[in-house]
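Visitor: I'm new to this one. Could you walk me through a few features and show me how to read them?

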Amino acid sequence: MTRVSVELVPRSRSGLRAELAEVAAHLRGVDTINVPDLTRYSLRSWAGCGFARPGFAAIPHLRAVDFNPREPLPFLPLLAQHGIDEVLVITGDAPADMSARVYDVDAVDLIRRLKREAPHLRVYAGLDPYRQSFVRERDYLARKLDAGACGLFTQPFFDLRVADTWADLVPEGLPVWWGATSILTEASLNYWRARNHAVFPRSFTPTLACNRAFAADLLHFARQRGQHAYFMPVKVNVLEYLGGLLDEQAAPLRQDAV
């Protein structure tokens with residue numbers, strides 16, 4: 001069965017609770033919440049995921065560079081308290097505040113440690129289709145799977161032809177959460193092209209209609225493969241982005257029909 005996750009940014013406790021209530025009331029197709037761990041906010045991902053329970057499955061993002069390999073992992077007690085048994089491990093960028101302590105630990109290291117210290121957890125790895133060649137990213141994914149990852153979350157796709165290529169490259173039967181995000185300004189579009197080297201079709205435009213059409217197409221893509229969908233709304237209300245798209249019978253939208 002296809003699962004659908006929405007990423008909610010933990011800017012504040014009250015804001016996160018309000019967004020969770022909105023999703024619960026109006027987006028019945030969402031069964032999972034992802035919470036990223038962003039160093040500019042005080043609410044850590046695992047604490048934010050606690051707010052999502054028990055109404056949703058919850059998946060905190062864990063930045064490997066933040067955890068001292070010689071000290072206990074601080075999030076494990078809270079995960080157990082809230083019955084959270086899935087996590088997404090990323091390496092993590094260096095924080096903007098250089099006074100924050102980081103460690104020489106990458107995603108492979110933390111995945112391996114979690115499988116040793118918390119073997120009950122389902123640990124997902126990340127896949128970035130843009131940061132390096134297909135072969136290097138595939139080999140990096142293989143190392144994370146060898147360390148114990150059970151599946152993967154992708155960075156956002158904007159062209160299903162690129163997603164289809166990756167569908168042929170990942171191991172058959174591997175659980176995959178195919179990602180999509182909203183891009184609603186030319187500045188954001190240019191950022192993704194220049195900074196993240198993302199691939200866009202010529203037909204893409206930074207409009208809500210285009211983003212909704214692609215979200216519907218990506219969900220259909222995931223359902224056809226018996227896999228999962230992961231939506232990351234940015235600078236758009238989650239209902240405006242996904243409202244009406246997640247029903248099991250919803251057909252892919254064409255942009256000119258929105």
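Visitor: At roughly what angle do the axes of helix H1 and H2 cross?

Guide: Keep in mind that this is a predicted model. The axes of H1 (residues 13-26) and H2 cross at roughly 40 degrees and come within 10 Å. Angles under 35 degrees count as roughly parallel, and H1 and H2 are therefore oblique to each other. As for the hand, H1 passes H2 in a right-handed crossing.

Visitor: Which residues in H1 and H2 meet?

Guide: From H1, look for Arg13, Leu16, Arg17 and Leu20; they meet Gly48, Phe51 and Ala52 in H2. Sorted by class, that contact of H1 with H2 has four nonpolar, one polar and two charged residues.

Visitor: Now another pair. At about what angle do H6 and H8 pack?

Guide: Helix H6 (residues 160-169) and helix H8 (residues 208-224) pack at about 20 degrees, and their axes are 11 Å apart. That makes H6 roughly parallel to H8. Their crossing is right-handed. On the H6 side the contact is made by Leu160, Ala163, Asp164 and Ala167, and on the H8 side by Phe214, Asp217, Leu218 and Phe221. By class, the contact of H6 with H8 has six nonpolar and two charged residues, and no polar ones.

Visitor: How do I read the empty space, and what volume does the largest pocket have?

Guide: The general idea is simple: roll a probe the size of a water molecule over the atoms, and you see where empty space is left. Here, the largest pocket has a volume of about 1800 Å³. Its lining has 46 residues, and Leu38, Asp93, Gln155, Tyr191 and Trp192 lie nearest the centre.

Visitor: Which element gives the largest share of that lining?

Guide: That's S6, with four residues. Other elements giving two or more residues include strand S3 (57-63), helix H5 (134-147) and helix H7 (186-194). By class, the lining of the largest pocket divides into 22 nonpolar, 13 polar and 11 charged residues.

Visitor: And the backbone? Is the peptide bond from Arg53 to Pro54 cis or trans?

Guide: The one from Arg53 to Pro54 is cis, with omega near 0 degrees. You'll find Pro54 in the loop between helix H2 (45-52) and S3.

Visitor: What about His197: is its phi positive or negative?

Guide: Phi of His197 is positive, near 60 degrees, in a residue other than glycine. To spot His197, go to the loop between H7 and H8.

Notes: Residues are numbered from 1 along each chain as its sequence is written. This is a predicted model: local features need pLDDT of at least 70, side-chain atom pairs count only at pLDDT 80 or more; totals for chains, interfaces and linings use all residues. Side-chain values use heavy atoms; hydrogens and water are left out. Axes are lines fitted to C-alpha atoms, for helices over the stretch in contact, and angles run from 0 to 180 degrees between N-to-C directions. Angles under 35 degrees count as roughly parallel, over 145 as roughly antiparallel, 65 to 115 as roughly perpendicular and the rest as oblique. A crossing is left-handed if the near helix is turned anticlockwise from the far one by less than a right angle, and right-handed if clockwise. Contact means heavy atoms within 4.5 Å. Ala, Val, Leu, Ile, Met, Phe, Trp, Tyr, Cys and Pro count as nonpolar, Asp, Glu, Lys and Arg as charged, and the others, Gly among them, as polar. On a 1 Å grid over the protein atoms alone, a cavity is a set of points where a 1.4 Å probe fits but cannot get out, and a pocket is an open set with protein on both sides within 12 Å along at least five of seven lines; lining residues have an atom within 4 Å of a point. Grid points are joined across faces, edges and corners, and a volume is the space filled by probe spheres set on the points.
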